[in-house]
Amino acid sequence: MKKVLVTYAVQGEFVEIKWPDIEPYYVRTGIGKVKSAFHVAEAIRQVRPDLVLNLGSAGSLNHQVGDIFVCRKFIDRDLQKMSGLEIESEIDVSAMLNEKGFCSHWTEEGVCNTGDSFLTEVAHVSGDVVDMEAYAQAFVCRAKEIPFISVKYVTDVIGQNSVKHWEDKLADARKGLSHYLNVLKERI
């Protein structure tokens, strides 16, 4: 039986995983990189999972509300601004997932851009979706040698929707992620 640590930032993003042969553990990380990294590290220490699966909502510049992305590549947009200082700002977790044989059939590929701000205005950001936690979780998982993957549901288009719109779309995100994970995928 595989242990899967399922992470989500806010209660509105909680999705129950119903896969055979896995034992799910859930942790609400809170919003932001610091809280998220702390709670994931603590949960990894306690649970010792085989995989960390981050679920949640995300904004996007180039995609539609309702799109789902499976992210194996992460960018820290706050650290990316300091690229001249040679500070790492990108993580690719594909190799560790492939090594363990996890989620190889999840093809809705995307890049997640993480930062400590809720983007409401159009700005240049790399990646397909933006959030406030995934890079930090990928960083912790890589350091602990635990495979990590993130599945994001687009709830808002940056520059077109507000924080209120995101709150209104959380129920849709829960339904969309539940369908994706429990009907379309049904296994890691």
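These legends go with a set of close-up views of one predicted model.

**View 1. Helix α1 has a buried face and an exposed side.**
Let's start with helix α1, which covers residues 33–47. Its 15 residues should span 21 Å at 1.5 Å a residue, and the C-alpha atoms at its two ends are indeed 21 Å apart, so the expected and modelled spans agree. Which residues of α1 are buried? They are K33, S36, V40, A43, I44 and V47. Looking down the helix axis, you will find these buried residues within an arc of 105 degrees, so they line one face of the helix. Turn to the other side of α1 and you meet V34, K35, F38 and Q46, which are exposed. Just past the helix comes R48, with a positive phi of about 55 degrees.

**View 2. Helix α4 and the residue that follows it.**
Helix α4 takes in residues 134–144. Its buried residues are A134, Y135, A136, Q137, A138, V140 and C141. Just after α4 sits E145, where phi is positive at about 60 degrees. As background for this view, most residues other than glycine have a negative phi.

**View 3. Strand β8 is mostly covered and pairs with β3 and β4.**
How many of the ten residues of β8 are buried? The count is ten of ten for this strand, which runs over residues 148–157. Strand β3 runs parallel to β8, and nine bridges join the two. To find your way along this pairing, look for S60, whose bridge partner in β8 is V157. Strand β4 also pairs with β8, but here the strands run antiparallel and are joined by four bridges. A handy landmark for this second pairing is I68, which stands opposite Y153 in β8.

**View 4. Strand β6 has parallel partners in β4 and β7.**
Here we follow strand β6, residues 109–114. Six bridges link it with β4 (residues 68–76), and the two strands run parallel. Within this pairing, V70 faces E109 of β6. Strand β7, residues 129–131, is likewise parallel to β6 and is joined to it by three bridges. In this case the pair to look for is N113 and V130, the latter in β7.

**View 5. The largest pocket and its lining.**
This open space has a volume of about 190 Å³. Its lining is made up of 17 residues, and those closest to the pocket centre are S57, F118, D131, M132 and W166. Two elements, β3 and β7, each give two or more residues to the lining. Which element gives the most? That is β3, with three residues. By class, the lining divides into nine nonpolar, three polar and five charged residues.

**View 6. The one cavity that is counted, and what surrounds it.**
Rolling a probe the size of a water molecule over the atoms shows where empty space is left. In this model the count comes to one cavity of 30 Å³ or more. The space inside the largest cavity is about 40 Å³. What lines this cavity? The residues are S60, L61, N62, V125, G127, D128, V129, V130 and I158. Sorted by class, five of them are nonpolar, three are polar and one is charged. You have already met two of these residues: S60 as the bridge partner of V157, and V130 as the residue opposite N113.

**View 7. Three loop residues, from buried to exposed.**
D21 belongs to the loop between β1 and β2. Its phi is near 65 degrees, a positive value in a residue other than glycine. Is D21 buried or exposed? It counts as exposed, because its relative accessibility is 59% and the cut-off for exposed is over 50%. C103, in the loop between α3 and β6, also has a positive phi, near 60 degrees. With a relative accessible area of 0%, however, C103 is buried. S126 sits in the loop between β6 and β7, and at 23% relative accessibility it counts as partly exposed. For a sense of how the chain folds back here, compare S126 with F74: they are 52 residues apart in sequence, while their C-alpha atoms are 9.7 Å apart in space.

Definitions and conventions. Residues numbered from 1 in each chain as written. Predicted model: local features only at pLDDT ≥ 70, side-chain atom pairs only at ≥ 80, totals over all residues. Heavy atoms only, no water. 1 Å grid on protein atoms, 1.4 Å probe; cavity = no way out; pocket = protein on both sides within 12 Å on 5 of 7 lines; lining within 4 Å. Points joined across faces, edges and corners; volume = space filled by probe spheres on them. Nonpolar A, V, L, I, M, F, W, Y, C, P; charged D, E, K, R; others polar. Buried < 20%, exposed > 50% of the residue type's maximum accessible area, 1.4 Å probe, protein only. Expected span 1.5 Å × (residues − 1). Arc of directions from axis to C-beta. Pairing = 2+ DSSP bridges.
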